[in-house]
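User: Pick one sheet in this model and give me a close look at it, strand by strand. Then tell me what sits around it and how the rest compares in layout.

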Amino acid sequence: MSDLSLLILQTLDNGPIEDTSVVFPSIETNIMQGTLSSLMAKSMIVFKTIEQELWTLTPEADEILEKGSHEIRLLDEVTKSLEGLKLADVPKLLGQAGKLGQLRAFKNGWIKKDGDKLVSNVSSKPEDVTAKDLGIIKQTGTLDNAKELAELRKRKLIVKGKKVSYSVEKGPEFALEIKKLETDLTPEMIQSGAWKTATFKPYNFDAEGAPTQSGALHPLNKVREEFRQIFFAMGFTEMATNQYVESGFWNFDTLFVPQQHPARDLQDTFYIKDPIEADEPEDKTYWENIHKVHEQGAFDSIGYRYPWSAKESLRLVLRTHTTAVSSRVLHQLAKDPKPARFFSIDRVFRNEAVDATHLAEFHQIEGVIADYNLTLGDLIGFMDRFFTRMGVSKLRFKPAYNPYTEPSMEIFAWHAGLNKWIEIGNSGMFRPEMLEAMGLPKGLKVHGFGLSLERPTMIKYALSNIRELVGHKVNLDFIENNPAVRLDEELV
Ligand code: PHE
């Protein structure tokens, strides 16, 4: 509690304070206001602001106060010189003040001209009204004579200011000492009974309140949402991807990935320990078709011709690509074959060495298009349209190999910033071994393509290390404050 607060309360005890600047002349206005406001917040006092016009002297006026007005100084010089003051000597004696003094002394009728001399026109020394008035203004801040006040202002001897002071009265909670105000009712106060005597601060319903913590979309989710909108706009339906654990059957065998393929190695795929195996799929014809197409060949294919193991096929894995999901959905489509477009954007897992651009899990964006008589040209055309919507317009395709597509193409995009072609995805036309085994008709062709979600996100947010985007090293500020993303702007 400040001494000033106490002083104010003690003064008030004897009656209201009319004007704080009179009662407490040495207290600065802002300190006074702060103290009064805090007492008012406690309802101990009420106060009103008094604003007064306040005139202050300019440096020139201060000089007049000290030496007298220009006109009186000139008159003094004139009186001093018995034979009159030579006009030419005025500037020498009085400098700048001489000219003004001369003008005003003439106006007042104090002097007159006698040839090239100035002589006195008064019998006794007149009162220096200018100096006197300035003295009053210096003392009181104002002058009763409004005309004179305006004149002094015009002469740039005074400037207008403002004086703020306060009138103060007792408030409803007036007391001679200041009680501590509690903000919160605490469990301790309830236990000790202190709440009974405590005084609580009134609620301030006008306060804005502290900003509430809210969730923020991770950049991956923002970019994911943009991709979803592109897919929806192009007539795609979203596939259900809520199953991270798949059997080798759906993740590999249905996709014509032979059981000795290196992708199925422990070094590349995470296998589940418990339970170790899935149940056999319900569609026994399909299960047999897959067995047959791998081991002996079928649907015009000579197959891989190796002893296909049902046990290996049923081993549970963390899905290594979302093409496992596409396979399930295409198998569904085989029940009622028709043109269709599906997409998914979700997490996949690979037993990879973790480095600046690789994690053991990432997100895949995958699209599948089923239609009659599709060709590779249709796939390339579609890719052009799809990636143009992402702001990627310069594409190149390179022949590649996937066990489940033929032909297969890697997709490269021109990265203007890096000034080179970068690989952005993988695509192809699903093999008849895969589609016909499901029961899809020969004429219905299916395109597929996939890309990672992390790659475009890192490019968009200019990140060079994937750990800035995913994992425990992610800066929460970055997550909370990162900008929204638009894919139709230049991506690469
Ligand atoms: N599954 C492939 C990958 O993981 C992407 C792909 C999907 C390729 C569909 C062709 C067809 O890279």
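Analyst:
**Starting from one bridge**

Let's start small: E238 has F343 as its bridge partner in β11. That bridge belongs to a parallel pairing between β8 and β11 (residues 340–349), which has two bridges in total, and two is also the minimum that DSSP must find before strands count as paired. Strands here are DSSP E runs of at least two residues and helices are H or I runs of at least four, each numbered from the N terminus.

Before going on, a word on the ground rules. This is a predicted model, so local features need pLDDT of at least 70 and side-chain atom pairs count only at pLDDT 80 or more, while totals for chains, interfaces and linings use all residues. Numbering runs from 1 along each chain as its sequence is written, and side-chain values use heavy atoms, with hydrogens and water left out.

Zoom out and β8 and β11 turn out to be part of an open sheet of seven strands with mixed pairing, ordered β8-β11-β12-β16-β15-β14-β13. The edge positions go to β8 (237–238) and β13; each has a single partner strand, so one side of each lacks a neighbour in the sheet. Helix α11 (residues 219–233) packs on this sheet and touches β8, β11, β12 and β16, with its direction at about 165° to that of β11. Contact means heavy atoms within 4.5 Å, and the angles run from 0 to 180 degrees between N-to-C directions, using lines fitted to C-alpha atoms (for helices, over the stretch in contact). Helix α15 (residues 323–333) packs on the sheet as well: it touches β11, β12, β15 and β16, and its direction makes about 25° with that of β12.

Now go to the β13 end of the sheet. Seven bridges hold β13 and β14 in antiparallel pairing, with K398 standing opposite E410 of β14. A hairpin with two residues in between takes the chain from β13 to β14. Then β14 runs antiparallel to β15, this time over nine bridges. One of those bridges has H415 and K420 of β15 as partners. The β14–β15 connection is a hairpin too, with four residues between the strands, and N419 in its turn shows a positive phi of about 60°.

These strands also matter for the largest pocket, whose volume is about 1400 Å³. Among its 47 lining residues, R350, F362, Q364, E423 and S452 are the closest to the centre. Two or more lining residues each come from β12 (361–372), β13 (395–402), β14 (405–415), β15 (420–430), β16 (444–452) and α18 (454–460). β15 is the top contributor, with eight residues. By class, the lining has 20 nonpolar, 19 polar and eight charged residues. For the terms: a pocket is an open set of points on a 1 Å grid over the protein atoms alone, where a 1.4 Å probe fits, with protein on both sides within 12 Å along at least five of seven lines, and lining residues have an atom within 4 Å of a point. Volume is the space filled by probe spheres set on the points, which are joined across faces, edges and corners. Ala, Val, Leu, Ile, Met, Phe, Trp, Tyr, Cys and Pro are nonpolar, Asp, Glu, Lys and Arg charged, and the others, Gly included, polar.

As for the layout elsewhere, there is an open sheet of three strands in the order β2-β4-β3, with antiparallel pairing. Here β2 and β3 are the edge strands, each with a single partner, so one side of each has no neighbour in the sheet. Helix α5 (residues 70–80) packs on this sheet, touching β2, β3 and β4 at about 95° to the direction of β4.

Strand β2 (residues 85–86) is joined to β4 (residues 117–120) by two bridges: L85 partners L118, and K86 partners K117. On the other pairing, β3 (residues 111–114) meets β4 over four antiparallel bridges, K112 with V119 among them. Two residues separate β3 and β4 in their hairpin, where G115 in the turn has a positive phi of about 65°. Helix α7 (residues 96–107) lies across β3 and β4, at about 105° to β3.
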